[in-house]
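Colleague: I would like to go through the aromatic contacts with you. Could you bring up the structure first?
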Amino acid sequence: MEKELTVGTRIDHPKYGEGIISQNNPLTYKVIFVRGGEIEFSKLNVQFDVIEEVEASEEQKTGINIKEIEMMLKYVLDRFNGLEYKVELGKKWQGGVMILQPANTELKPKEIPVEVFFHKIVMMRDRLRVLEQNINSHAELSDEEKINLQQYITKCYGTMTTFNILFDEKEDFFIGSKL
């Protein structure tokens with residue numbers, strides 16, 4: 001038998017009767033029979049007739065499992081596009097508090113945990129990155145419009161370089177334009 005048979009194909013074997021191919025391995029077929037259970041046959045010496053052939057799915061034809069690729073892609077996007085990337089607060093700031101002291105001495109100062117402030121800074125950076133990706137992939141913006149909008153984002157990053165002191169790793173820093 002020259003043609004590759006796919007999982008689900010119904011066959012008739014002279015000794016075991018009707019069965020269904022349950023696995024298509026490189027050198028063998030595994031077949032489940034009503035009388036006889038599961039038996040493995042070499043592809044070199046196929047001794048059964050095909051009753052009903054099942055057309056190969058896209059995954060079987062290409063060897064590509066779309067669901068598995070989708071899961072891997074989601075993992076990579078979640079991990080590296082900045083939406084869920086874990087950014088560490090500098091150790092010297094952990095457990096620290098920001099105190100905003102009004103000039104008017106009759107007003108009480110406001111204390112904010114540094115972790116809360118840091119989280120908001122990181123969220124802003126992540127949203128700028130998503131905005132940047134959306135601009136780059138926008139179908140209706142011209143290249144000139146994309147560049148102009150990119151320059152505004154770069155200026156926002158530059159404005160936020162003051163907050164780099166909060167980051168633990170230099171690779172997480174905000175970087176403005178390097179002119």
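Modeller: Here it is; please note that this is a predicted model. A convenient place to begin is Tyr29, which has a relative accessible area of 2% and is therefore buried, as that is under 20%.

Colleague: And Phe48, buried or exposed?
Modeller: Phe48 is buried, because its relative accessibility is 5%.

Colleague: How many aromatic pairs are there in the whole structure?
Modeller: The search finds 10 aromatic pairs. One of them joins Tyr29 and Phe48: the ring centres are 6.3 Å apart and the planes stand at 65°, so this pair is edge-to-face, the cut-off being over 60 degrees.

Colleague: Which parts of the chain does that pair tie together?
Modeller: Tyr29 belongs to strand 3 (residues 28-33), while Phe48 is in the loop between strand 4 (37-42) and strand 5 (49-52); the pair therefore links parts that are 19 residues apart in sequence.

Colleague: What about Phe33 and Phe41?
Modeller: Phe33 and Phe41 also make an edge-to-face aromatic pair, with 5.9 Å from centre to centre and 85° between the planes. Both of these residues are buried.

Colleague: Which residues form the aromatic cluster?
Modeller: One cluster is formed by Tyr16, Tyr29, Phe33, Phe41 and Phe48.

Colleague: Changing topic to charges: which ring does the charged end of Lys43 sit over?
Modeller: The ring of Tyr29, with the charged end of Lys43 at 4.9 Å from the ring centre.

Colleague: And where does the charged end of Lys155 sit?
Modeller: The charged end of Lys155 is over the ring of Tyr152, 5.7 Å from the centre of that ring.

Definitions and conventions: Residues are numbered from 1 along each chain as its sequence is written. This is a predicted model: local features need pLDDT of at least 70, side-chain atom pairs count only at pLDDT 80 or more; totals for chains, interfaces and linings use all residues. Side-chain values use heavy atoms; hydrogens and water are left out. Rings of Phe, Tyr and Trp (its six-membered ring) pair if their centres lie within 6.5 Å; planes under 30 degrees apart count as stacked, over 60 as edge-to-face and the rest as tilted. Helices (H or I, at least four residues) and strands (E, at least two) are DSSP runs, numbered from the N terminus. Buried means under 20% relative accessible area, exposed over 50%, partly exposed in between (1.4 Å probe, protein chains only). A charge sits over a ring if NZ of Lys or CZ of Arg is within 6 Å of the ring centre and within 35 degrees of the ring normal.
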